[in-house]
Amino acid sequence: MKRLLLAVLLLAACREEEARAPDPVTMTGDALGHFCMMQLDQHPGPKAQIHLAGLPDPIFFSQVRDALAYLKGPERDADIRAIYVSDMGRAASWDLPGIDNWTDATTAYFVVGADVRGGMGAPEIVPFSQVEAAQRFAEDKGGEVMMLDAIPAELVLAPVDITLEEPPT
């Protein structure tokens with residue numbers, strides 16, 4: 001009986017751990033963009049990491065737009081356990097988005113349609129943990145503040161012109 005009770009408790013603990021979202025991972029110099037396979041710290045603008053079921057490490061993205069394309073695209077075949085994006089309200093600058101200032105993408109505020117380009121030269125979708133910071137950015141750079149669920153899939157899946165510009169100040 002004691003063994004059965006122990007087995008049930010262990011199984012419940014495993015399921016609870018499995019259900020809990022993993023914490024964000026520090027972005028090191030070894031972090032490579034999922035699509036481009038380039039070092040993230042060599043590119044300006046916000047980044048993203050997605051934790052997938054069955055993988056011990058997250059996959060990183062050089063642009064938030066790329067992560068949203070992965071999230072909303074048909075190619076994904078694993079369950080998503082967590083999505084974190086750079087909180088640009090806490091970033092030192094556009095060039096230095098931070099290595100540990102992650103915020104949960106499901107509760108973040110995104111500025112969509114701003115006049116900014118991400119690390120790979122595509123128009124960027126800029127995340128913030130605080131709505132006030134997102135609104136200030138939108139007033140300065142244009143765009144509209146949206147939550148993750150409101151961002152249309154076609155916006156991130158459509159082809160875009162890639163240009164490398166000077167980062168915003």
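Q: What makes strand 5 and strand 6 a pair, and in which sense do they pair?
A: Two strands pair if DSSP finds at least two bridges between them. Strand 5 and strand 6 are joined by three bridges, in the antiparallel sense, so the rule is met. Val111 stands opposite Val126 of strand 6. This is a predicted model, in which local features need pLDDT of at least 70 and side-chain atom pairs count only at pLDDT 80 or more, while totals for chains, interfaces and linings use all residues. Residues are numbered from 1 along each chain as its sequence is written, and side-chain values use heavy atoms, with hydrogens and water left out.

Q: Which strands are the edge strands of the sheet with the order 6-5-7?
A: Strand 6 and strand 7 (144–147) each pair on one side only. The sheet is open, with antiparallel pairing. Its neighbouring strands are turned by 35° against each other on average, direction ignored. Helix 3 (residues 131–141) lies across strand 5, strand 6 and strand 7, at about 10° to strand 5. Such angles run from 0 to 180 degrees between N-to-C directions, with axes fitted to C-alpha atoms, for helices over the stretch in contact.

Q: Why are strand 2 and strand 4 said to stand at the edges?
A: Strand 2 (59–61) and strand 4 (102–104) each have a single partner strand, so one side of each has no neighbour in the sheet. The four strands of this open, antiparallel sheet come in the order 2-1-3-4. The twist averages 25° from one strand to the next. Within the sheet, strand 1 (residues 48–52) and strand 3 (residues 80–86) run antiparallel and are joined by five bridges. One partnership is that of Gln49 with Tyr84 in strand 3.

Q: What makes helix 2 largely enclosed by the rest of the structure?
A: Eight of its nine residues are buried, so helix 2 is called largely enclosed. Buried means under 20% relative accessible area, exposed over 50% and partly exposed in between (1.4 Å probe, protein chains only). The helix is itself a DSSP run (H or I, at least four residues; strands are E, at least two), numbered from the N terminus. Its buried residues pack against strand 1, strand 2, strand 3, strand 5 (109–112), strand 6 (126–128) and helix 4 (153–157).

Q: How do you know that Arg65 has no salt bridge?
A: A salt bridge needs a side-chain nitrogen of Lys or Arg within 4 Å of a carboxyl oxygen of Asp or Glu. The nearest side chain of opposite charge to Arg65 is Asp66, 5.7 Å away, so the cut-off is not met. Lys and Arg count as positive, Asp and Glu as negative; His and the chain ends are not counted. Arg65 is found in helix 2 (residues 64–72) and is buried. Beyond four places in sequence, its contacts (heavy atoms within 4.5 Å) include Ala122, Glu124 and Leu155.

Q: Why are Phe128 and Phe137 called a tilted pair?
A: Rings of Phe, Tyr and Trp (its six-membered ring) pair if their centres lie within 6.5 Å; planes under 30 degrees apart count as stacked, over 60 as edge-to-face and the rest as tilted. Phe128 and Phe137 are 5.4 Å apart centre to centre with 50° between the planes, so the pair is tilted. With Trp94 they form one aromatic cluster.

Q: Why do Phe128 and Phe137 count as buried?
A: Phe128 has a relative accessible area of 3% and Phe137 has 15%, so each falls under the cut-off.
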